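Reader: Hello! I have a model open here and would love a close look at one part of it, with enough background to place that part in the whole.

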Amino acid sequence: MGKKIVFRDSELKEKTKKLSIIEGSSYGVHDGLGIRFVTPFALAIGKNNPHVNFFIGILNSLPNLIGSLSQLYTSKIINKYKRKNIISIGVILQSLMWLFVIFSGAIFFLFNFSSNFSLNSLIIFYILLVSFGTFVVPAWTSLMKDIVVNNRGDYFGKRNKIVGLISLLAALTAGFVLDYFEKSYIFIGFFILFFTAFIFRFISGILFLYHYEPKFKFKKSNYFSFLAFLKKYPESNFAKFSFFISLFMFAVYISSPFFTVYMLEDLGFSYIEWTIVTITGTLSTLLFMPFWGKFIDNYGSLKALKITGVFIPVIPLIWLLTYFLES
């Protein structure tokens, strides 16, 4: 009889770290071809719908809200079930939602259902898609925290660069695909993108089953209520940072859902032009991440936040200039 091979804990963790980069790359394709193009998909469906801006506002806000609230229940099941199983099931269910997203467009483009019905269907399925993905984030964070014990900055920096680059290339490819099919039949273009996103996200879900999972150590002291969090605000830097991010995201989401509408409809961008503009954020992150990493090492995170925080409000002012130039 053959001798059973027993892997050490450190070896299993190294294998999982490599596997996580492959899984992340699969997610990058899903993000670049799928998530980034849901709003243009809704705009294509509601092109002649007078209420399309209302639908797009809901599409960009409600899924994120419900998805974030779903995380409140993740911590309750992490100590009951294996984290990798929770993640795998959630990600596979998320991947399946792309088929329903495609269906929401098919009933409009192929079967002449009203755009209102199609857009409402898209919102429902996209809420589920985002919620399944967001729900597993705490479990993934907890698992990877146990896998990557040392040099977390180096590892996640490398992983994020690879995932970001793949997402960028996928989005750029998607822009060319939609530009090509816009002149013939745009639904075919979106079908190709979303079905490919389904395949790669499904692969991600399967890969999680092969992750190594160290024994989960539940520490009750790490969990606290929202009221306790508020009480910590005066002396907690984490609480102050959380409020900063919350206010920042609130301000961003007042207008961000409508930038796609503005670029594609008002400025008359082609899909590839829109894609180039939207991926510049990812590209700049990849280019400047090493600089900010060294800056933070030398001067600290707080100084970096103060500098970048001052320049953030300048961005919408620059966008405001495009209105007058376009006029």
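In which helix of the chain is confidence lowest, and in which is it highest? After that, please take me through the stretch around helices α5 and α6.

Author: Happy to! This is a predicted model, and your question about confidence is a good place to start. Confidence is lowest in helix α10, residues 226-231, where the mean is 70. The highest value belongs to helix α9, residues 186-208, at 97. For the chain as a whole the mean pLDDT is 88, and 94% of the residues reach 70 or more.

Now the background. The chain has 15 helices and 0 strands. A compact globule of 327 residues would have a radius of gyration near 20 Å, and the chain agrees with that, at 22 Å. Its C-alpha trace spans about 65 × 55 × 40 Å along the principal axes. Contacts bring distant parts of the sequence together: taking those between residues at least 6 apart, 80% join residues at least 24 apart. Of the 327 residues, 39% count as buried. The accessible surface comes to about 19,400 Å², and carbon and sulfur atoms account for 68% of that area. If you are thinking about electrostatics, the chain carries 31 positive and 16 negative charges, and the mean positions of the two sets are 14 Å apart.

With that in place, here is the part you asked about. Helix α5 covers residues 83-109, and Ile89 lies in this helix. Although isoleucine may make you think of an interior, Ile89 counts as exposed because its relative accessibility is 53%, and the cut-off for exposed is over 50%. A partner for a distance check is Trp292: Ile89 and Trp292 are 203 residues apart in sequence, and their C-alpha atoms are 36 Å apart in space.

Following the chain onward, you reach the loop between α5 and α6, where Asn112 is found. Asn112 is not a glycine, yet its phi is positive, at about 60 degrees. Most residues other than glycine have a negative phi. Asn112 is also exposed, with a relative accessible area of 67%.

Next comes helix α6, residues 115-135, which holds Ser118. Ser118 gives a contrasting picture: its relative accessibility is 0%, so Ser118 counts as buried. Leaving aside neighbours within four places in sequence, Ser118 is in contact with Ser104, Gly105, Ile107 and Phe108, and also with Ile45.

For comparison, two other places are worth a look. In helix α8, residues 152-182, you will find Tyr155. Tyr155 counts as buried because its relative accessibility is 9%, where the cut-off is under 20%. Beyond residues up to four places away in sequence, Tyr155 touches Lys17, Ser20, Ile21, Met144 and Val148. Arg83 is 72 residues from Tyr155 along the chain, and 21 Å separates their C-alpha atoms.

The other place is helix α12, residues 259-266, whose buried residues are Thr260, Val261, Tyr262, Met263 and Leu264. After α12 comes Gly268, and this residue has a positive phi near 70 degrees.

Notes
Residues numbered from 1 in each chain as written. Predicted model: local features only at pLDDT ≥ 70, side-chain atom pairs only at ≥ 80, totals over all residues. Heavy atoms only, no water. Helix = DSSP H or I, 4+ residues; strand = E, 2+ residues; numbered from the N terminus. Rg over C-alpha atoms; globule rule 2.2 N^0.38 Å. Buried < 20%, exposed > 50% of the residue type's maximum accessible area, 1.4 Å probe, protein only. Contact = heavy atoms within 4.5 Å. Areas by Shrake-Rupley, 256 points an atom, 1.4 Å probe, with all protein chains shown as cover. Lys, Arg positive; Asp, Glu negative; His and termini not counted. Charge placed at Lys NZ, Arg CZ, Asp CG, Glu CD. pLDDT = per-residue confidence, 0-100.
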